Amino acid sequence: MNRIQKLFDRQQGIANDYTYDFALPRLCVAKEDSWRGILPSTYSSDYNPEPPIFSAKFANCDNYRHMLAVANEDGKIALQDTTKKNEELEERALNAPQCHYNAVFDLEWAPGQMKFVSASGDHTASLWQVDEQGEIRNIRSFVGHTRSVKTAAFRRRDPSVFATGGRDGAIIIWDTRANLNVDLTPRADNCIYSGHVGGPGTPMSQKKRTRTPKITPNTTSSSITGLAFQDANTLISCGAGDGIIKVWDLRRNYTAYKKEPHPKHSLPYAGSSTFKGFTNLLIDESGSRLFANCMDNTIYSYNLCSYSPKPLARYKGLLNSTFYIKSCLSPDGKYLLSGSSDERAYIWNLNYPDEPLVALCGHTVEVTCVAWGSTHDRPIVTCSDDARHKIWRIGPERLTDTENMDSYRGHAEYVRNFGRKSQGSTHKYNLRDLENTPRSLKRLMEQNERTPSSVEKVSTKRSFLEMLGAVAVGDESEGQEPKR
């Protein structure tokens, strides 16, 4: 019996170590998967014909994980069925309702439900319900911030509690089940004021009157740029100015604090650059590992079991020039995907942080928010300031130049040098990850003998699941509001 158990454990270990690095260079964007964002609004005299997308998230509700929500600078939010492609000859923009009359900087889906919360430059957050017809209906608006709401996060596995962070430096926790105020506005469940300091604040004379305690006049608050729940009572935050990641125990009543509140843990900036603001936070499914995009062109990874100030890893290779660069994890938690200011998106194998595995090329300006779907074909979405969003899928191994030009709007390229040490790298990449795919390995070795410009581009006609089945048998500079 022990022998059988050991054999089973060994097989499970092999399965857990399985990677699909060889498939990622085949990611590409078919012509019908390239979109012109959302149709612009005409309500304002400040008309922008190509408003950029600031947030894109897949629903995390069973049977609807193919649905993508995208929000733009005009305050519109569109729902897109990623299984359907554009059948028109040219790129098409999505129709969308006017959900806010200012930019929507972030949106977050409620766990297990077709609801999401939006964070807007109009100083509010709103909760939305998606009905059976795919229409978006406003449930309630949440007023408490005195400047733009920059980020939002739901408590894990709890669709009733979420947190918002704003440019006013405030973090507010909302419970949709709580009693309303006398004027029928939602009541904040907990408030963390001046959680991050070090950035320019808002003069008190310009702050709106609210029912919540005021920030002390001598305090300058850094914009809250990232929030993530580790568990039901633990919230992690980052800011645009102080370079510190803070861990908050929400069992404390921070609303009563008159001075700078003290977090349960703090993770100081681990780099040496003066550009130490963070732009995004995300936590893996186990709640044990944190990833933080930093303005010093690094994504830091931390151990949340020990809260050690020393990062577990530093993922490099991207260019992070603005507070609109976001990242996400693959559905299986083995890969990290991030936008970049150099017109590309990058994917890292989490075991090899020194440089990305592949670069996704196809946008013409900065790539901001990204998303990685969990449906059968594992689609990747990249959004850019070129007002396009592209859906990446696994394509065939080889394409002719004519096919590349006529049918595809994006391709992946290897970044890592396989089989030999990269400059500044302390490890060799394990080519055994590719041993089950002789054709891919042969193509890989051919590519390593050429210059990057001659690497073949790839397409999107086979699904990711089919490919896996074939081998498995063995703002923010504290200025731009909104961004243009």
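1. Start with Asp 168: its side chain reaches the backbone nitrogen of Ala 170 at 3.0 Å. That counts as a polar contact, meaning a pair of N or O atoms within 3.5 Å; within protein, one must be able to donate a hydrogen and the other to accept it, and residues adjacent in sequence count only if both atoms are side-chain atoms. Asp 168 sits in the loop between β11 and β12 and is buried, at 4% relative accessibility. Buried here is under 20% relative accessible area, exposed is over 50%, and partly exposed is in between (1.4 Å probe, protein chains only). His 196 is 28 residues away along the chain from Asp 168, with 10.0 Å between the two C-alpha atoms.

2. A word on what you're looking at. This is a predicted model, where local features need pLDDT of at least 70 and side-chain atom pairs count only at pLDDT 80 or more, while totals for chains, interfaces and linings use all residues. Residues are numbered from 1 along each chain as its sequence is written, and side-chain values use heavy atoms, with hydrogens and water left out.

3. Back to that loop: β11 and β12 make a hairpin with 4 residues between them, and Gly 169 in the turn has a positive phi of about 85 degrees. Strands in this note are DSSP runs (E, at least two residues), as helices are (H or I, at least four), numbered from the N terminus. The hairpin strands run antiparallel and share 5 bridges; Ala 163 has Ile 173 of β12 as its bridge partner.

4. The hairpin belongs to an open sheet of 4 strands, ordered β10-β11-β12-β13 with antiparallel pairing. Two strands pair if DSSP finds at least two bridges between them. The edges are β10 (149–154) and β13 (188–192), and each has a single partner strand, so one side of each has no neighbour in the sheet. From one strand to the next the twist averages 20 degrees; axes are lines fitted to C-alpha atoms (for helices, over the stretch in contact), and angles run from 0 to 180 degrees between N-to-C directions. At the β10 edge, 5 bridges link that strand to β11 (residues 161–166) in the antiparallel sense, and Val 149 stands opposite Gly 166. On the other side, β12 and β13 are joined by 4 bridges, with Ile 172 facing Cys 191.

5. How much of β12 is buried? In this strand (residues 171–175), 5 of the 5 residues are buried, so β12 is largely enclosed by the rest of the structure. Ile 171, Ile 173 and Asp 175 point one way, and Ile 172 and Trp 174 point the other way.

6. Lys 246 deserves a look too. This lysine lies in strand β16 (residues 245–249) and is buried, with a relative accessible area of 5%. A polar atom of the Lys 246 side chain lies 2.7 Å from the backbone oxygen of Gly 195. Leaving aside neighbours within four places in sequence, the contacts of Lys 246 include His 196, Glu 260 and His 265; contact means heavy atoms within 4.5 Å.

7. Now the largest nonpolar core, which has 22 residues; among those with the most contacts inside it are Leu 24, Leu 337 and Trp 372. Such a core is a set of buried Ala, Val, Leu, Ile, Met, Phe, Trp, Tyr and Cys residues joined through side-chain atoms within 4.5 Å. Elements giving two or more residues include β1 (27–30), β23 (335–339) and β29 (408–414), and β26 gives the most, with 3. There is also a second, separate core of 17 residues, which includes Ile 236, Ile 245, Tyr 269 and Cys 294.

8. Glu 366 is in the loop between β25 and β26. Is this residue buried or exposed? Glu 366 is buried, at 9% relative accessible area, and its side chain makes a polar contact of 2.9 Å with that of Thr 322.

9. On annotation, the unreviewed UniProt entry carries "repeat: WD" over residues 97–138, 142–184, 217–258, 329–351 and 360–402. UniProt positions follow the numbering used here, feature names are shortened, and annotations may be inferred rather than shown by experiment. The span 329–351 is 0% helix and 52% strand, and its end C-alpha atoms lie 13 Å apart.

10. One more sheet: β3-β4-β5 is an open one of 3 strands, with antiparallel pairing. Strand β4 (residues 67–72) is joined to β5 by 5 bridges, and Met 67 has Asp 81 as its bridge partner in β5.
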